[in-house]
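The exercises below are to be worked through with the sequence and the coordinates at hand. Each one sets a task and then gives a solution in steps.

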Amino acid sequence: KIQDNKTLPVYLFVYVLVFGFCVKVVMLCPGIFSPYPRYGRYEPHLTQAIKYIVTCTPTTAGDENKATTVRNLVGCISAMPRRLQCRYHVVMLDETHRLEMGVTFQRLGEVVDAIPSGGPDSYQDMITDFFGAWCEDTKKLDLNKIGAKAKVLDPSVMERVCGKGAYKKLRKESAWARLDAQSVGRLEKALDAFEADLARDNTWTRQDMHKDDVMDWAPREKRCMLRMHYIARAKPIEDERTNRVQHVAPGTWYYKVPVKSATNDKWLEMRKGAREMVYGREDEDNEHHIVPLRTSRGKAGGLNFVENYMVVVAEREENQYAGRDDNPQNSAPCLFSIADARHQFQHDFMASTIPYFFDPSGSLNLKVAFTQCPQHFHESQDKTDYLDTNNASFFRLNCMIRNCSGGVSSCGTNGTWMICHKSPSTIWEHQRGRVRDRETKSKILEIVERRTFHESCKVEDTASSLQAVVQGRHSQFINRKLSYGMAKAAVGYLAATQRWAEGGVVLSLQTLTSFREQGHWMVFVTLLFFAAFVASLLRLINIDDANAEWVVVKLGLLSSETMELLLTPLQKSVHWLVAHMYEAKLLGTGIKDPQVYTFMAMQFVMWLLMLVLCMFLLWCVTSFCKIFRRRCCTFPDQLRWCGRLLITMDNLTYFVWFWTAFFWIGFNYYTAVTRSHYHFQFEGMMLFMGVVNILNWGMIISNAFRYSLSQSMEANEVAHLSMDNIWRSNQLFYMTAPVQLFSIVVGFKEFLRWQFYGIDISFWEGGDRGDTATSIVKYWTLMLVIGPFVCWTCYAIFAHEYMNAWAACVVVSIIGMDVLHPCAYLWVGDSKLTHDEARKMSWKQALTSSAWWKRKIYNAVLNDTLTGILKYVGPAYFLLLPAMCLSQTYFGVNGAFMMVAQTQQR
């Protein structure tokens with residue numbers, strides 16, 4: 001009797017495999033290109049092509065107190081390149097209007113102002129030296145030492161935070177040792193006052209929150225390019241009965257702008273007259289536009305306020321460069337860097353970043369939209385980073401691949417944007433309202449403040465990246481540790497994962513329902529191409545009629561005689577190869593007629609040739625558009641642009657594939673406890689798995705090694721992909737599936753609120769839905785850890801009689817071991833029982849104490865020995881898969897699925 005695999009589970013598995021393969025192709029395809037070239041090193045004359053540089057530190061509450069924010073500001077100032085030839089602005093964006101934070105800003109300005117000059121032109125260099133040493137002294141502080149929980153700073157920590165530690169080192173080990181006491185006396189007094197201010201932390205006073213609070217600092221020497229600003233944009237108390245919308249409506253605050261003669265220099269003055277719109281007393285004034293005071297209550301709104309404020313500052317006479325209108329630097333683009341309060345730029349951050357905005361000849365490359373550096377938390381080492389707080393697999397593999405086509409997405413912090421303002425530049429712009437007017441019942445044009453960063457959802461970084469892609473601009477990835485972060489509790493990363501997925505769902509729906517937006521049609525076309533690629537694969541695996549006509553013949557492009565004439569030589573070659581492999585028994589003995597293999601091979605070869613032909617046609621179209629770029633509408637003029645569109649599509653749809661993890665887990669449990677028949681040939685499966693292993697690991701190793709080698713040659717710094725990172729990626733594939741399902745449901749709800757009511761969904765408060773996400777993962781991973789014991793029990797009782805049950809039990813056991821660490825960490829990671837306290841307990845007290853059990857489980861599971869063993873279980877399993885296929889072909893099924901499984905969090 002001929003055995004076949006025409007059963008529902010096998011069909012489902014094959015279709016899932018095809019979908020996974022397609023997603024994997026989308027992930028890897030951008031890696032076939034070479035990264036965009038750029039200028040080799042920082043040189044001061046490059047900055048003459050830049051109008052100004054901004055480093056912005058958004059800070060709210062919680063752990064973002066004085067000490068945390070000061071550490072960040074120190075890094076921003078230290079990053080000022082030497083011999084800079086454009087203005088360098090450091091901005092503290094206080095989103096919670098803390099008066100004490102404004103005082104701290106003033107004390108910091110006094111410290112900078114008190115730094116002595118060592119020569120006629122060295123004041124700026126002295127600032128760089130002092131803050132460089134200060135940055136080095138504080139880069140490895142963590143939230144346990146300076147966060148909100150540290151009510152009083154340890155004296156040694158305080159010395160580092162207030163700058164006295166750096167000052168003492170400079171006085172001993174540098175040219176500062178030659179300065180006399182009179183020269184540094186003022187600085188010592190300023191540091192004393194700064195230390196006294198930092199000692200009064202975590203106590204806040206707020207007033208006049210409905211008004212903007214702005215302070216500017218300028219150096220005593222005008223030749224110094226450093227400027228500092230404290231900004232707290234208006235945050236009025238809103239009527240809790242009304243929706244928090246992004247347009248002017250009852251319960252929201254607004255201000256008036258004259259229809260004529262509105263200028264940027266009057267912007268802040270106009271905002272001072274903001275008032276709340278009251279229902280029934282709407283303001284009707286034909287001489288003025290009404291503008292919402294806050295279109296976004298989230299981070300994007302704050303960044304846009306800063307960006308608009310810097311435009312106003314740059315237009316002031318004292319900040320204009322010599323020659324004013326005749327000087328091209330006054331109309332040049334600017335650079336805008338974002339440093340979240342827990343992330344500290346290192347002293348070489350900006351000097352390393354600036355060359356990426358210039359081409360190899362040293363000319364400013366306006367096609368570069370932004371650069372992105374990885375997030376690095378020094379206290380989260382790979383082996384103890386149980387929830388992948390460093391997001392290492394994303395930064396050390398995905399970003400490397402995406403950078404080959406210039407498609408790395410912005411991650412918010414550590415990003416630097418090139419902003420090109422229109423001339424003349426105004427603060428206000430028109431937008432088509434989403435909510436219909438009450439009287440006209442139609443969507444009218446509204447006046448809002450200009451928005452450089454998207455305010456439509458919680459993932460403003462991804463949304464802004466999408467806009468850059470459709471405009472034809474690209475990004476640059478700087479794979480170096482140029483910023484040191486302070487990690488929150490690891491469970492906070494799960495909250496971030498949920499927030500990214502929810503924002504991705506909202507952004508996807510917004511993009512798919514806004515076809516008329518500039519460039520969005522490209523995303524639709526990319527989706528259609530992807531759908532056609534999937535459909536071609538599904539047709540390929542479903543064809544079983546050897547006499548079926550070729551598609552080109554059905555379409556009438558070629559006659560059947562011509563097609564046969566063209567394919568005869570190819571068919572003979574394929575048949576010769578298949579016959580030799582069949583005789584060598586490399587294809588197994590289940591199928592007696594080698595013509596079947598010849599038919600399948602011919603179908604695959606023809607599919608591959610058609611794919612190559614499509615790629616060639618796409619290359620021809622993009623080359624044509626590049627030649628006639630100025631005369632054509634916006635259309636991709638490079639294959640790398642097409643690669644970026646694939647990445648954008650991936651960012652907008654990655655959450656759609658959450659179900660693959662559920663399917664694979666369910667498929668293995670189903671196989672472990674039920675009678676199932678999957679018939680695969682041992683030899684063919686072994687050959688297949690051998691080839692797949694070589695291709696998969698070859699890709700990972702070659703990509704990681706290529707970038708590691710490049711970075712080591714360029715900066716003597718290596719950020720390599722470790723075995724821990726690969727292991728954590730496998731863990732996330734299983735862990736985050738239910739969180740993504742939850743995020744899809746919530747995302748649909750949020751999108752409907754935004755679309756129909758105009759509600760602002762660009763912000764979150766407190767832990768948002770982080771607690772829910774953490775609880776979901778806790779119970780889900782616990783189920784996966786307990787599940788293997790149930791399967792092995794069933795195997796011992798009755799399932800040992802089933803063909804593939806043993807292999808399925810092994811697979812579910814490996815899944816359980818993969819999630820064991822994060823499960824244990826979530827359940828017992830907060831164990832606070834000390835060794836001494838445990839020793840003092842009696843046996844009865846210990847056995848009845850949950851704290852004692854938590855400590856025992858923590859020590860048994862979360863230790864270096866077990867971690868070292870488990871992280872190699874997965875890779876060892878993959879390496880042994882080809883040999884294991886000789887005993888159970890089901891192992892090959894598992895290996896094939898895991899090769900195409902993908903985890904992406906943003």
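**Exercise 1.** In this predicted model, determine how strand S8 (residues 334-338) is joined to S11, and then describe the setting of S11.

*Solution.* Begin with the pairing: S8 and S11 run antiparallel and are joined by five bridges. One residue pair that can be located directly is Ile338, whose bridge partner in S11 is Gly415. Next, turn to strand S10 (residues 368-372), which also runs antiparallel to S11 and is joined to S11 by three bridges; here the partner of Thr371 within S11 is Thr416. Finally, consider how far S11, spanning residues 415-419, is covered: five of its five residues are buried. Gly415, Trp417 and Ile419 point one way from the strand, while Thr416 and Met418 point the other way, and the residues on both sides are buried.

**Exercise 2.** Establish how many disulfides the whole structure contains, and examine the surroundings of Cys399 and Cys809.

*Solution.* A search of the whole structure returns zero disulfides. For Cys399, the closest cysteine sulfur belongs to Cys411 and lies 5.7 Å away; because a disulfide requires two cysteine sulfur atoms within 2.5 Å, this separation is too far for a bond. Cys809 is likewise in no disulfide, the nearest cysteine sulfur being that of Cys791, at 5.2 Å. As for accessibility, Cys399 is buried, with a relative accessible area of 0%, and Cys809 is buried with a relative accessible area of 0%.

**Exercise 3.** Decide whether Ser508 is buried or exposed, and list its contacts beyond its neighbours within four places in sequence.

*Solution.* First locate the residue: Ser508 sits in helix H14, which covers residues 491-512. Its relative accessibility is 7%, and since buried means under 20%, Ser508 counts as buried. Once its neighbours within four places in sequence are left aside, Ser508 is found in contact with Leu652 and Phe655.

**Exercise 4.** Identify which residues form a nonpolar patch on the surface together with Leu558, and state where in the chain Leu558 is placed.

*Solution.* The patch is formed by Val551, Leu555, Leu557, Leu558 and Leu566, which together have about 480 Å² of accessible area. Leu558 belongs to the loop between helix H16 (551-554) and helix H17 (560-583). With a relative accessible area of 32%, Leu558 is partly exposed, and because membership of a patch requires over 30%, this value lies above that cut-off.

Key: Residues numbered from 1 in each chain as written. Predicted model: local features only at pLDDT ≥ 70, side-chain atom pairs only at ≥ 80, totals over all residues. Heavy atoms only, no water. Helix = DSSP H or I, 4+ residues; strand = E, 2+ residues; numbered from the N terminus. Buried < 20%, exposed > 50% of the residue type's maximum accessible area, 1.4 Å probe, protein only. Contact = heavy atoms within 4.5 Å. Patch = residues over 30% accessible without salt bridge, like charges linked within 9 Å, V, L, I, M, F, W, Y side chains within 5 Å. Areas by Shrake-Rupley, 256 points an atom, 1.4 Å probe, with all protein chains shown as cover. Salt bridge = Lys/Arg side-chain N within 4 Å of Asp/Glu carboxyl O. Pairing = 2+ DSSP bridges.
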